[in-house]
Amino acid sequence: MTGTGPSPAAGRAVAEYRIEDLAHASGATVRTIRAYQDRGLLPTPERRGRANVYRDTHLARLRQIADLLDRGYTLASIKELLEAWDTGRGLGGVLGLVAEVHGPWTDERADRITRAELNVKFGGVPDEQAVTEAVDLGVLERIPGRNDEFLVPSPQELAVAVELYAAGVPLSAISGHLRELRGQVEQIASRFLEFTTEHVFARYLGHRPPTDADASEAASMVRRLRPLAQQTVDAELARAMRTFATRHLEHHLTTEEPFTSGAHATTPVVVALPPTTITAVERLVGREGASAFIAAAAEREVQARTLDVLASSHANADQIDQMG
C-alpha cells in the first residue's frame with residue numbers, strides 16, 4: 001500500500017492501493033478483483049501510467065461483495081444491489097434487511113464438545129460412522145485444525161439425541177428420524193415464508209432491489225414476525241402431542257392391535273349391540289369368543305357389501321357400453 005498527500009476535499013491522507021495491495025487487504029485474489037472489474041462490480045480504478053490505482057472505496061466494495069457472497073447471494077443479485085447503491089437509491093436498508101434475515105433465528109448459542117466428551121455421552125465407545133452422520137446432518141461441525149473437537153450449533157438438539165440414546169434408541173434410528181423430521185419442518189418453514197410474503201412482505205418487494213425505506217421497514221417487520229413461526233409450531237406440536245399421546249395410551253391399555261397416528265388414523269367407534277344378540281352369540285361360540293365372532297361377522301358383511309357395490313358398478317358400466 002502506498003500513501004498520497006492530503007486530499008483536497010477531506011483534508012486528510014487518502015489510501016491508495018496497487019492491485020496486489022488491494023488483494024492483500026481484502027483477502028481476495030488479484031484474479032478475483034479483475035473478474036469483478038470485468039463484471040462491473042467494482043468502480044473503475046484510476047489509471048496512472050501503466051498501473052491502476054485503487055482506493056478505500058474499492059476495498060469497502062470488495063468487503064461488501066464478500067459479505068453478501070457469504071450470505072448466499074449470487075454475483076448477479078449482488079450486482080443489482082450495488083447498482084442501486086451507485087444510482088443513489090441507497091443500500092443501507094437493503095443490507096440491514098439482509099443482516100436481519102441472516103441473523104440468528106433462535107436465542108440458543110453454539111457450544112463446543114471434544115471427541116472424548118462425545119464418546120462419554122454416547123456409551124463410551126467411539127463410533128466414527130455416527131460422528132460422520134452427525135456432521136452430515138449439521139448436528140456437529142468440524143473445526144479446522146482441531147480433529148479432537150467439534151462445534152455444536154444446537155446444544156439442545158444434541159441433548160435430545162443423548163437422551164434418546166440413553167433411553168435405548170440406536171444412533172442410526174435417531175439420525176434417520178432427524179432426517180425425516182427435518183424434511184417436514186423445512187416444508188413448514190417454506191409454507192410460512194410463502195404465507196408471510198404473500199400477505200405481509202409483498203408490498204415491500206415491488207422494486208428490485210427494494211427502496212432503502214421499504215427495506216428498512218421490512219427488516220423491522222422481520223424482527224416482529226421472527227418468533228411467530230416457532231411459537232405457532234410449538235403450540236400446534238403441543239396440541240398434537242397431547243391428542244395423539246392420549247390415543248396411544250388408551251390404545252395400548254385396551255388392545256394389542258397396532259396404532260396408526262397418521263392421516264389414516266380414526267377414532268374408535270363404540271357400537272351398541274342389542275343384549276339379545278350378544279346373548280345369542282355367547283351361547284353359540286362362548287363368552288370368550290363372542291368379540292372375535294362379532295368382529296369377523298362384521299368384516300364379512302363389509303366385504304360382501306363391497307363386492308355388491310363393485311358388481312353393481314360393473315353392471316352399470318356394461319349397460320352404458322351397450323347403449324353406446
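Me: Contact means heavy atoms within 4.5 Å, and helices are DSSP runs (H or I, at least four residues; strands are E, at least two), numbered from the N terminus; what, then, covers the buried residues of α9?

Reply: This is a predicted model, in which local features need pLDDT of at least 70 and side-chain atom pairs count only at pLDDT 80 or more, whereas totals for chains, interfaces and linings use all residues. Residues are numbered from 1 along each chain as its sequence is written, and side-chain values use heavy atoms, with hydrogens and water left out. In α9, the residues Ile 174, Ser 175, Leu 178 and Thr 196 are buried (under 20% relative accessible area with a 1.4 Å probe, protein chains only; exposed is over 50%, partly exposed in between), and their cover includes α7 (128–137), α8 (155–166) and α10 (212–254).

Me: How many helices and strands does the protein chain have, and what percentage of its residues is buried?

Reply: The protein chain holds 12 helices and seven strands, and of its 324 residues 23% are buried. Of the contacts between residues at least 6 apart in sequence, 53% join residues at least 24 apart.

Me: At what angle do the axes of α7 and α9 cross?

Reply: With axes taken as lines fitted to C-alpha atoms over the stretch in contact, and angles running from 0 to 180 degrees between N-to-C directions, α7 and α9 cross at roughly 10°, their axes coming within 10 Å. That makes α7 roughly parallel to α9, a class for angles under 35 degrees (over 145 is roughly antiparallel, 65 to 115 roughly perpendicular, the rest oblique). From α7, Ala 130, Glu 133, Asp 136 and Leu 137 meet Leu 171, Ser 175, Leu 178, Arg 179 and Arg 182 of α9, and this contact has four nonpolar, one polar and four charged residues.

Me: Which residues bring α1 and α3 together, and how are these helices oriented?

Reply: Helix α1 (residues 19–26) packs on helix α3 (residues 56–70) at about 45°, with the axes 10 Å apart, which makes α1 oblique to α3. Leu 22, Ala 25 and Ser 26 in α1 meet His 58, Leu 59, Leu 62 and Arg 63 in α3. In α3, the residues His 58, Leu 59, Arg 61, Leu 62, Ile 65 and Leu 68 are buried.

Me: What span should α3 have?

Reply: An expected span is 1.5 Å times one less than the number of residues, so the 15 residues of α3 should span 21 Å, in agreement with end C-alpha atoms 21 Å apart. For the 29 residues of α9 (residues 171–199), the expected 42 Å likewise agrees with end C-alpha atoms 42 Å apart. After α3 comes Gly 72, whose phi is positive, near 100°.

Conventions
Contact = heavy atoms within 4.5 Å. Nonpolar A, V, L, I, M, F, W, Y, C, P; charged D, E, K, R; others polar.
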